[in-house]
Amino acid sequence: MSTSNIDNPTAEDIKSLAEQGLTLPLTYHTLKHYLPHRYPFLLVDKIVACTPGECITGIKNVTINEEFFNGHFPDEPIMPGVLMVECMAQVSGVLGFISAGLTAEDGYLYLFAGVDKVRFKRRVIPGDQLIIRSKIVMQKQGMYKFDCTVHVEDELAVSAQIMIARQEQ
């Protein structure tokens, strides 16, 4: 996935977000309106770029205080791969909501529907900052497919195709 324009919102992107009352970066106080997750399972700290209907970039700061490091693994802490996949799904869910002009308060939820082509390339350890990018590759009747990556600095940590489905609550 090219990062040349995904991390740099255009004036049009900023205007489109402003029409929904959004200003970048989106932090916890805004993200809680899109994601039902809360500590310790909210795995997105902020959204730094978004082009509604196209792509999004989120950040997750990984600290030694994360609950999962107590058991994975105590003497050599490594972030579980499944949680990196969950990071990608959460960022993709935010993009789905913003693209549809909805929030969870409108009575919808985006659910993880599938994952394909997962590849782990690098360990993620305490102190790393995850740069999570998601790009819509398909949208049809509330179903979305995204190409996603997680980088630490310029190094690819994981890539996957994520599917999510919008469900009315």
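This report walks through a predicted model, from its sheet to its cysteines, its odd backbone spots and its largest pocket.

Being a prediction, the model comes with limits: local features need pLDDT of at least 70, side-chain atom pairs count only at pLDDT 80 or more, and totals for chains, interfaces and linings use all residues. Residues are numbered from 1 along each chain as its sequence is written, and side-chain values use heavy atoms, with hydrogens and water left out.

## The sheet

Let's start with the strands. Six of them form an open sheet, and reading across you meet β1-β2-β4-β5-β6-β3, with antiparallel pairing. A strand here is a DSSP run of E with at least two residues, a helix is a run of H or I with at least four, and both are numbered from the N terminus. Two strands pair if DSSP finds at least two bridges between them.

Who sits at the edges? That would be β1 (46-51) and β3 (108-120), which each have a single partner strand, so one side of each is left without a neighbour in the sheet. From one strand to the next, the twist averages 25°; the angles run from 0 to 180 degrees between N-to-C directions, using axes that are lines fitted to C-alpha atoms, for helices over the stretch in contact.

Here are four of the pairings, all of them antiparallel.

| Pair | Bridges | An example of residues facing each other |
|---|---|---|
| β2 (55-61) and β4 (129-140) | Seven | Cys55 and Lys135 |
| β4 and β5 (143-152) | Ten | Met138 and Lys145 |
| β5 and β6 | Ten | His151 and Leu156 |
| β3 and β6 (155-168) | Ten | Leu111 and Ala165 |

Two of these pairs are hairpins. β4 and β5 have two residues between them, and there Gln141 takes a positive phi near 50°. β5 and β6 also have two residues between them, with Glu153 in the turn at a positive phi of about 55°.

Other parts of the chain come up to the strands too. Ile47 belongs to β1, and its C-alpha is 6.7 Å from that of Thr27, although the two are 20 residues apart in sequence. Ile47 is buried because its relative accessibility is 0%; buried means under 20% relative accessible area, exposed means over 50%, and partly exposed is in between (1.4 Å probe, protein chains only). Ile6 comes before α1 (11-18), and 8.5 Å separates its C-alpha from that of Lys135, which is 129 residues away along the chain. Ile6 is buried as well, at 3% relative accessibility.

## The cysteines

How many disulfides are there? Zero, where a disulfide is a pair of cysteine sulfur atoms within 2.5 Å. For Cys50, the nearest cysteine sulfur is that of Cys55, 7.3 Å away. Cys87 is in no disulfide either: the nearest cysteine sulfur belongs to Cys148, at 11 Å. Cys50 counts as buried at 1% relative accessibility, and Cys87 does so at 0%.

## Backbone oddities

Most residues other than glycine have a negative phi, and most peptide bonds are trans. A few places here go the other way.

Lys117, in strand β3, has a positive phi near 55°. Lys117 is also exposed, with a relative accessible area of 59%. Gln141, from the β4 and β5 hairpin, is exposed too, at 76% relative accessibility.

Then there are two cis peptide bonds to look at. One runs from Leu24 to Pro25, with omega near -5°, and Pro25 is in the loop between α1 and α2 (28-31). Another joins Tyr39 and Pro40, with omega about 5°, and Pro40 is in the loop between α2 and β1.

## The largest pocket

Tyr39 turns up again here. The largest pocket holds about 200 Å³ of space, and among its 13 lining residues, the closest to its centre are Tyr39, Leu42, Val44, Asp45 and Lys60. On a 1 Å grid over the protein atoms alone, a pocket is an open set of points where a 1.4 Å probe fits, with protein on both sides within 12 Å along at least five of seven lines; lining residues have an atom within 4 Å of a point. The volume is the space filled by probe spheres set on the points, which are joined across faces, edges and corners.

What is the lining made of, by class? Seven residues are nonpolar, two polar and four charged. Ala, Val, Leu, Ile, Met, Phe, Trp, Tyr, Cys and Pro count as nonpolar, Asp, Glu, Lys and Arg as charged, and the others, Gly among them, as polar.
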